[in-house]
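Here's a quick tour of a fold, written for someone who likes to know the cut-offs. Have the viewer open while you read.

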Amino acid sequence: MKKLFMKRTLALVLAAAGCVFMTGCAGSASSAGDTVVIYSNADDEAIESMKHALDNNGYKDQYLIQTFGTSELGGKLLAEGKNLEADMITMSTFYVESAQDQNQMFKDLDFEVKTLDPSPSYCAPITAQEGTMILNTEVMKEYNLPTPQSLKDLTRPEYKDLISVTDISSSSTAWLLIQALISEYGEDGAKEVLTGIYENAGPNIEESGSGPLKKVRAGEVAIGFGLRQQAVTDKKDGLPVDYVDPSEGNFSLTESVAVLDKGDKTNEKAMKMAQCIIENGREELLSYYPIPLYEGETEPAEQVSGNPKTFSEKLTVDLLKKHQELSESCK
């Protein structure tokens, strides 16, 4: 993880330096043939996978990746539209769709995309991520804690200060938990349960989607809510980590790649890179995010979640804001 963190930090420094340099060039940083600027909210593993796909297929040193939190990048998409400095983005699909509806800022993809489910013409999914409860088995034994079977169980007094969750105001990972609560208990019931979860989490409400997992790994808490595939990998690697699919369901979010439409200033190389990521990056991406998205892909048996569900309403930025307000009322 330290190595990945250092790589990500270096990428940010290089991106910042590169952006300053390119601003001084005649014309635009997005002129055809220039370095492709990529904005992304992806996790370290996804960033590395995309870099490998690009570097191994002729695009090494031809792009700069700058990473953002989901809310920060989403805000930039909605506010800046086609004026966004990036030539290409990878981002939570609901944000991509909402930004396109508002700003008409993405080009239709000019390559074939054979997804299992229908996908908009202007973006293609790169990952799908499911939420679940993650346990540190050693801490569970130390405190003689019962294994929770539902998210509602996390409101029980024996879990006080021993659970960690993510704040939906800063990370979309928390939305997976809130979707599950609203689907199962309705908005009023979800408020009651979420209030109890926040009380038990205390100081362990994290801004980063990976924050709860890191605290579980370190033994700082017994239970966290995070991405299922990361817990499965940790358990396989021999860490004292296990996972329980909540009875309320495993909800999921996808992230997609899209290319900025800047008219005659569009960087045409960005479209080729997007195609490269889809055609050459999926094998490695599947090793971290194993939910099939394209024809011919399969999911290992141990990765199949126990209770996959889909939220009844279309996921949009407006719905996210509504659920963020619900979350704030529970603190």
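What follows goes from the overall picture to one strand, the cores and one helix.

## Ground rules

This is a predicted model, so to speak with strings attached: local features need pLDDT of at least 70, side-chain atom pairs count only at pLDDT 80 or more, and totals for chains, interfaces and linings use all residues. Residues are numbered from 1 along each chain as its sequence is written, and side-chain values use heavy atoms, with hydrogens and water left out.

## The big picture

The protein has 10 helices and nine strands; these are DSSP runs numbered from the N terminus, with helices being H or I of at least four residues and strands E of at least two. Of its 331 residues, 54% are buried (under 20% relative accessible area, with exposed over 50% and partly exposed in between; 1.4 Å probe, protein chains only).

About 14500 Å² is exposed, and carbon and sulfur atoms supply 49% of that (Shrake-Rupley areas, 1.4 Å probe; for residues, only the protein chains shown count as cover). Take the contacts (heavy atoms within 4.5 Å) between residues at least 6 apart in sequence: 78% of them join residues at least 24 apart.

## Strand S4 and its partners

How many of the residues of strand S4 (residues 123-136) are buried? The count is 14 of the 14, so the strand is largely enclosed by the rest of the structure.

S4 pairs (at least two DSSP bridges between two strands) in the antiparallel sense with strand S9 (residues 252-259) over seven bridges, and there Gln129 has Leu253 as its bridge partner. With strand S7 (residues 223-227), S4 makes five antiparallel bridges, and Gly131 sits opposite Leu227. Strand S8 (residues 241-244) adds four more, again antiparallel, with Asn136 opposite Val241.

## Two cores

The largest nonpolar core (buried Ala, Val, Leu, Ile, Met, Phe, Trp, Tyr and Cys joined through side-chain atoms within 4.5 Å) has 60 residues, and Ile89, Phe106 and Trp175 have the most contacts inside it. Helix H6 (residues 173-201) gives the largest share of this core, 14 residues. A second, separate core of 30 residues includes Ala46, Ile47, Ile65 and Ile278.

Leaving out residues up to four places away in sequence, Ile89 touches several residues, among them Tyr39, Leu77, Phe106 and Val257.

## Helix H8

In helix H8 (residues 228-236), the buried residues include Arg228, Gln229 and Asp234. The buried residues of H8 pack against S4, S7 and S8, among others. Just after H8, Gly238 takes a positive phi of about 90 degrees.
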